[in-house]
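Here is a walk through a model with the sequence and coordinates open beside you. Keep both in view as you read.

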Amino acid sequence: MRVLVVAAVALALAGPAAAACPTVPDLEGKLMCPTCKTTLDQSDSPVARRIKALLARRVAACVPEQKIKDELVAQFGPAVLAAPPRKGFHWLAWLLPLVGLVGAALVISVLVWRWSHTKPPEGVAESNGRAPLDPELERRLDKELARFDG
Amino acid sequence: MAGRLKLAAQVLALALVTGLFALLVWKVVTQNDNAAKELEQGKVTPAPTFRLARLDEPGKLSLAAYHGRPIVLNFWASWCIPCKEEAPVLEQVWNRYRRQGLVVLGVDINDVRSEARRFATKNRMSYPLVYDGPGNTLTDYGVEGVPETFFVARNGKLVCERLQAGVHLKVNRDRFAECIQEVLAA
């Protein structure tokens with residue numbers, strides 16, 4: 001029983017620590033190569049290889065992901081992050097696409113509503129969008145067609 | 001009411017397109033303005049200023065700190081193989097001409113700081129070194145790769161020419177020696 005309790009406590013303590021350890025492939029997808037402007041996982045440039053080696057060392061030491069990112073931003077600037085950080089001015093990069101999407105959805109909804117609720121001008125619907133026929137012409141046309149029917 | 005709203009939307013769209021077009025024109029016109037290009041065109045070009053963290057010791061260093069002294073400005077990185085080969089040549093120049101006021105200043109770009117420090121120690125680079133991890137100076141100078149070397153006269157203007165590739169290479173060796181004499185005399 002005592003062994004089980006100790007094991008449970010050890011697991012409980014080890015669980016969050018293990019979860020906090022980032023992985024190199026995950027980080028490589030979230031960081032940019034400063035010279036080639038692609039993510040590290042897509043680059044094999046000399047500087048990318050240096051950064052990957054640094055990541056491997058930091059990950060082996062189980063340094064938290066955010067700390068590794070902060071260290072690299074301090075060296076290479078915010079452009080080293082594949083996605084802008086969610087703070088300050090950088091929020092715009094996250095919010096503007098959403099604002100654009102919501103705005104476009106609203107505009108399309110309004111336009112669709114207006115089109116579906118607009119009555120066509122009188123006479124247009126009956127003539128399939130064309131100008132209605134002159135009554136005299138229509139009478140003559142019916143007469144001519146009647147000849148063929150007879 | 002709807003007509004006025006439509007007109008306002010059209011004016012807004014037109015203004016937006018005009019603004020974006022103006023931005024494009026401005027970008028195309030200004031993007032090629034860098035020191036290397038102006039130097040190639042024979043223009044009198046002031047060396048773009050910078051203030052960067054020192055790599056060889058704590059603190060910051062600005063280019064202006066050496067105003068009045070001739071400078072050999074070398075862009076390098078620890079991952080660059082020719083940089084390793086030219087480092088002893090730059091060290092030699094620094095030791096030989098420093099009594100005449102010449103400064104060799106190394107700008108480490110797009111590099112891991114710890115690797116750069118190790119590189120500098122291993123290659124016994126005793127001249128001043130600054131660190132530009134994000135590579136902000138590259139655009140101003142028009143640096144296209146490492147190593148590249150510029151020459152800054154006592155008055156802060158660029159002289160001679162921008163040397164691309166290692167200064168130790170046969171293609172650059174004679175010109176490098178000429179540029180040192182030119183910057184010392186300027």
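Where is the place of A:K37 in chain A? A:K37 sits in the loop between α2 (24-30) and α3 (46-60) of chain A. Keep in mind throughout that this is a predicted model.

## Backbone oddities

Let's stay with that lysine for a moment. A:K37 isn't a glycine, yet its phi is positive, at about 60°. Most residues other than glycine have a negative phi, and most peptide bonds are trans. A:K37 counts as exposed because just 9 other C-beta atoms lie within 10 Å, and the cut-off for exposed is 12 or fewer.

Chain B has its own example. B:R124, again not a glycine, has a positive phi of about 50°. Its setting is the loop between α4 (113-122) and β5 of chain B. B:R124 is exposed too, with 9 other C-beta atoms within 10 Å. Chain B also has a cis peptide bond, running from B:V146 to B:P147, with omega near -5°. Look for B:P147 in the loop between α5 (136-141) and β6 (148-152) of chain B.

## Chain A: helices

What does chain A have by way of helices and strands? It has six helices and zero strands, so reading from the N terminus you simply get α-α-α-α-α-α. Of the 150 residues in chain A, 12% are buried. As for contacts in chain A with a separation of 6 or more, 44% of them are between residues 24 or more positions apart.

Helix α6 (residues 135-149) of chain A makes a nice ruler check. At 1.5 Å a residue its 15 residues should span 21 Å, and the end C-alpha atoms are indeed 21 Å apart, so the two agree. This helix is hardly covered: among its 15 residues, the count of buried ones is zero.

## Chain B: domains and sheet

Chain B is assigned two domains: domain 1 covers 1-31 and domain 2 covers 35-185. Their C-alpha centres lie 44 Å apart.

How many strands are in the open sheet of chain B, and in what order? There are seven, arranged β2-β1-β5-β4-β3-β6-β7, and the pairing is mixed. At the edges you'll find β2 (60-62) and β7 (158-164) of chain B, each pairing on one side only. Neighbouring strands in this sheet are turned by 30° against each other on average, ignoring direction.

## Around strand β4 of chain B

Strand β4 (residues 103-109) of chain B runs parallel to strand β5 (residues 129-132) of chain B, and four bridges join them. One bridge partnership there is B:I109 with B:D132 in β5(B). Strand β3 (residues 71-76) of chain B is also parallel to β4(B), this time through six bridges. Here B:N74 has B:G106 in β4(B) as its bridge partner.

Is β4(B) mostly covered or hardly covered? It is mostly covered, with six of its seven residues buried.

## Two more helices of chain B

Helix α6 (residues 170-185) of chain B gets the ruler treatment as well. Its 16 residues should span 22 Å at 1.5 Å a residue, and the end C-alpha atoms are 24 Å apart, which agrees. The buried residues in α6(B) are B:F176, B:C179, B:I180 and B:V183. An α-helix has 3.6 residues a turn, so residues three or four places apart point the same way. The buried residues of α6(B) pack against β3, α3 (81-97), β6 and β7 of chain B.

B:E40 belongs to helix α2 (residues 35-40) of chain B. Why does B:E40 count as partly exposed? It has 13 other C-beta atoms within 10 Å, and that count falls between the cut-offs of 12 or fewer for exposed and 20 or more for buried. B:E40 and B:R162 are 122 residues apart along the chain, but their C-alpha atoms are separated by 8.1 Å.

## Where the chains meet

Finally, the contact between the two chains: 10 residues of chain B are in contact with 11 residues of chain A. On the chain B side, the residues that touch chain A divide into four nonpolar, three polar and three charged.

Conventions
Residues are numbered from 1 along each chain as its sequence is written. Chains are lettered from A and ligands numbered from 1 in the order in which they are written. This is a predicted model: local features need pLDDT of at least 70, side-chain atom pairs count only at pLDDT 80 or more; totals for chains, interfaces and linings use all residues. Domain bounds come from an automatic or database domain assignment. Helices (H or I, at least four residues) and strands (E, at least two) are DSSP runs, numbered from the N terminus. The expected span of a helix is 1.5 Å times one less than its number of residues. Two residues are in contact if their C-beta atoms, placed from the backbone, lie within 7 Å. Ala, Val, Leu, Ile, Met, Phe, Trp, Tyr, Cys and Pro count as nonpolar, Asp, Glu, Lys and Arg as charged, and the others, Gly among them, as polar. Two strands pair if DSSP finds at least two bridges between them. Axes are lines fitted to C-alpha atoms, for helices over the stretch in contact, and angles run from 0 to 180 degrees between N-to-C directions.
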